[in-house]
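I set out to record what can be looked up in this structure, entry by entry. The notes below follow the order in which I consulted the coordinates.

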Amino acid sequence: MYLALLVIFLQCSEICTQERVFTFNAVHIKVQPSVKVKNGAPMSIICHADISKSTDFNLQHNITVFKDEKLVFMSVSGKGDARYEVPMARSSHTGDYRCVVEANGKKRYSDSLHVWVTGMTKPILIAEKKEVFEGEVVKLRCELPEEVPPLHFIFRKMKMNSKPKEKLTYELQRNFSVIEFPIEEGDNILQFDCLGKRNVKFEFETSEPSNRTLITVKEPFIKPTLRIKPSSNITEGKEIQFECSTVVAKMRDIEIMLLRNKTILSSVRDQTTLKYSAVATLEDSGEYLCKVEEGKASKIATRNVVVTELFPKPVLTASMNKLDENKELTLSCSIKDFQNASFSILRRNSNGGILLRNSRNFTTRAKVNDTGLYICKAEVNRIVKESKPVMIQVYAPVSMPNISVFSGLPEVVLGKPLKLTCCLKMGTPPITFTFYKGNKAKKEIVTNNTCAVFLDEDIKQNDKGQYKCGARNHHSSGMKTSKILNITVIVPIRNISLGSVPYGEVEDGGETAFLCSVKEGSWPILFRIFRKTDRDVLLFERSEHADRVMWQKKEMSRQDTGTYYCIASNRANVSAKSHPITINVILASWQKGVITAFVLIPIAGVVILAVWWFWCKKKNAKGPSMEMSRSALATNSTSEKLSRQHDGDYYSAPVQKGTETVYSEIRKANNDSVENRHSRIQGHPDAT
């Protein structure tokens, strides 16, 4: 019975499990009435889950609605539908919506749906003041209630018969903006409003205009009045008077200024009237401006004044503008068609001028320090006019110029430029210097100094090197020429070589002659001969007025074996080095004879002793048998073969040998030595 109950229970559990199987087919989202909703209208976001079940059973759903990935609505229901109701849609409800349905651990997302709430709320404009003075500012605040930033704001200033002036602001984090509008001259009754704008999917949406705010503008003072006495047309020399006045609402930091061509002539503060007078001059013609300021408010009045010339400017003339010192100079001052004037002649300096004479004419004997600018003045009825300046240049003659080499020595290295200077002890600038090479003018230089520099870059080996310079200025004495400067052209050392006699090999104790020579190079030439070691050793040094030098070394020794080279230099300061040569010091002939004697005498003694020994042995022998002699010879032969096999080219002398055997062995040793020597020589790279 229990077994039957267990089977029934398991079958029932399996049936129950099969009945609670479900799957999401899809999740849908939609908006009513449409994806475009008018601002202020109701809106519904509907989320629907399409689910398939194994049987009909109650399934709890968690439904969540997101706007721009932010949670805005959540519902738990046994149904597959949920509604997110918005009674009054605003532009802040514009965005991308998506819903998520979750049940028993399973989750499904809907597609994204963009909803656009068209239109914006009407902005509200508030002004800080209703009445302002010219020069002040009006502070405005524009707000877009229920709108979400970022937002654009447009403020508009409107007055009668004028185009509105706009100011734009951008708010990233606020739904309102505050600005200030300046109140300008001429503003009286102003109206202000504002608008809002936002960006939706790369499109701008603009709100309707806000309420209009009326602002009344008061004048802190009236436009000034500028009066001129006796008239705005006046002759120079007469007095002209200016009066600038205004009426103020309240005396507070009022300032009045009179300007001519943007230059302030006079000013007063905290007064309503400015007065100014002057003796009219021709320079007083122009536009005059009366300006009244208080804070940021400003008003102006303008008048033009024309001053008629009483007499023209005087003209200063000189008998000569450029003249030699000690010549007579006359200056004259005059006015065309006008005689009744007081004249004075002055020399201009940094302080204005030095009076020379109160007269129409001035005569003097000119000196060099009289060089400068001169003017004359004429006065009529307190009007003083000044002539244009006249430049007078007094010249002292140039002295004889001196030409020299910039470096000091009268020489130049071939291939390098020659820098010459031409200087004067006396002479009034500007001075014209002319440089000559031979009889040909090379260059002309005009300078305000008493020295000039010339660079000759065309130096040739066969140049004679004769230079001179001439100098002249505006003095009537003309040009003066320097003495001739002779320049030596230094040719650098080129193509140096070293040789020796004998060449290559020299006997010990013998004499060697070294010859160092160059193909090009100016004299004197410094020759030096070196032997190359770890540190090169200077063996010989001599300066010669020649292109070669010979040095003889009397006794050469084995230590003199090595590599030799020579170096030559001259005043060009460029050294040239020869290719090296190798000298090998070998044994002298007499040294070879001594060595030979020392070698051959012991060998001859050994041979004589060997012969004598064999002779004695043969004489004293008591008739030994031939067999024993053959046995002994065989034994010696065997020993000799073993010795040869053991020692290679080395031959040992047997204890008992005949004379022929000894000679043959020496000859063999010499022949082997000669062959070995020849083989070594033939294998040597220098055997040829």
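**Entry 1: annotated span and overall composition**

I began with the record: the unreviewed UniProt entry places a transmembrane region at residues 594–616. I note at the outset that the model is a predicted one. I then examined the same span in the coordinates and found residues 594–616 to be 100% helix and 0% strand. The C-alpha atoms at the two ends of this span lie 33 Å apart.

I next listed the secondary structure of the chain, which comprises four helices and 54 strands. Of its 688 residues, 36% count as buried. For the accessible surface I obtained about 42,000 Å², with 53% of this area belonging to carbon and sulfur atoms. I also looked up the contacts with a separation of 6 or more: residues 24 or more positions apart account for 62% of them.

**Entry 2: salt bridges**

How many salt bridges does the structure hold? I recorded 33, and I inspected several of them individually.

I took Lys218 and Glu131 to begin with; their closest N and O atoms are 3.1 Å apart. This pair links distant parts of the chain, 87 residues apart, with Lys218 in strand β18 (residues 213–218) and Glu131 in strand β11 (residues 131–133). Is Lys218 buried or exposed? I found Lys218 partly exposed, at a relative accessible area of 37%. Glu131 also counts as partly exposed, at 45%.

I then turned to Lys299 and Glu219, whose side chains form a salt bridge with an N to O distance of 2.2 Å. Lys299 belongs to strand β26 (residues 297–308) and Glu219 to the loop between β18 and β19 (225–229), so this salt bridge ties together parts 80 residues apart in sequence. The two partners fall into separate accessibility classes: Lys299 is buried because its relative accessibility, 2%, is under the 20% cut-off, whereas Glu219 is partly exposed at 42%. I also noted that Glu219 and Lys299 belong to a network of salt bridges that includes Glu134.

The last pair I inspected was Lys437 with Asp456, where the closest N and O atoms are 3.0 Å apart. Lys437 sits in strand β39 (residues 431–437) and Asp456 in strand β41 (residues 451–456), so the pair ties together parts 19 residues apart in sequence. I found both Lys437 and Asp456 to be buried.

**Entry 3: strand β7 and its partners**

Which strands pair with β7 over six, four and three bridges? I found the following.

- Strand β4 (residues 61–67) pairs with β7 (residues 95–103) in the antiparallel sense over six bridges. Within this pairing, I located Val65 opposite Cys99.
- Strand β8 (residues 106–109) runs antiparallel to β7 and is joined to it by four bridges. Ala103 has Lys106 of β8 as its bridge partner.
- Strand β9 (residues 113–118) is likewise antiparallel to β7, with three bridges between them. Here Asp96 stands opposite His114.

I also checked the hairpin of β7 and β8, which has two residues between its strands. Asn104 in this hairpin takes a positive phi near 45°.

**Entry 4: two three-stranded sheets**

I recalled that strands of a sheet pair through backbone hydrogen bonds, either parallel or antiparallel.

I traced one open sheet of three strands in the order β19-β21-β24, with antiparallel pairing. Its edge strands are β19 and β24 (273–279), each of which pairs on one side only. The twist averages 15° from one strand to the next. Strand β21 (residues 239–245) and β24 are antiparallel and share seven bridges. Glu239 has Val279 of β24 as its bridge partner.

I traced another open sheet of three strands, ordered β36-β38-β41 and again antiparallel. Each of the edge strands, β36 (402–405) and β41, has a single partner strand, so one side of each is left without a neighbour in the sheet. For this sheet I recorded an average twist of 25° from one strand to the next. Strand β38 (residues 418–423) pairs with β41 in the antiparallel sense over six bridges. The bridge partner of Lys419 in β41 is Leu455. I noted that β41 is also the strand holding Asp456, the salt-bridge partner of Lys437.

Key
Residues are numbered from 1 along each chain as its sequence is written. This is a predicted model: local features need pLDDT of at least 70, side-chain atom pairs count only at pLDDT 80 or more; totals for chains, interfaces and linings use all residues. Side-chain values use heavy atoms; hydrogens and water are left out. UniProt positions are given in the numbering used here, feature names are shortened, and annotations may be inferred rather than shown by experiment. Buried means under 20% relative accessible area, exposed over 50%, partly exposed in between (1.4 Å probe, protein chains only). Contact means heavy atoms within 4.5 Å. Accessible areas come from the Shrake-Rupley method with a 1.4 Å probe; for residues, only the protein chains shown count as cover. A salt bridge is a side-chain nitrogen of Lys or Arg within 4 Å of a carboxyl oxygen of Asp or Glu. Two strands pair if DSSP finds at least two bridges between them. Axes are lines fitted to C-alpha atoms, for helices over the stretch in contact, and angles run from 0 to 180 degrees between N-to-C directions.
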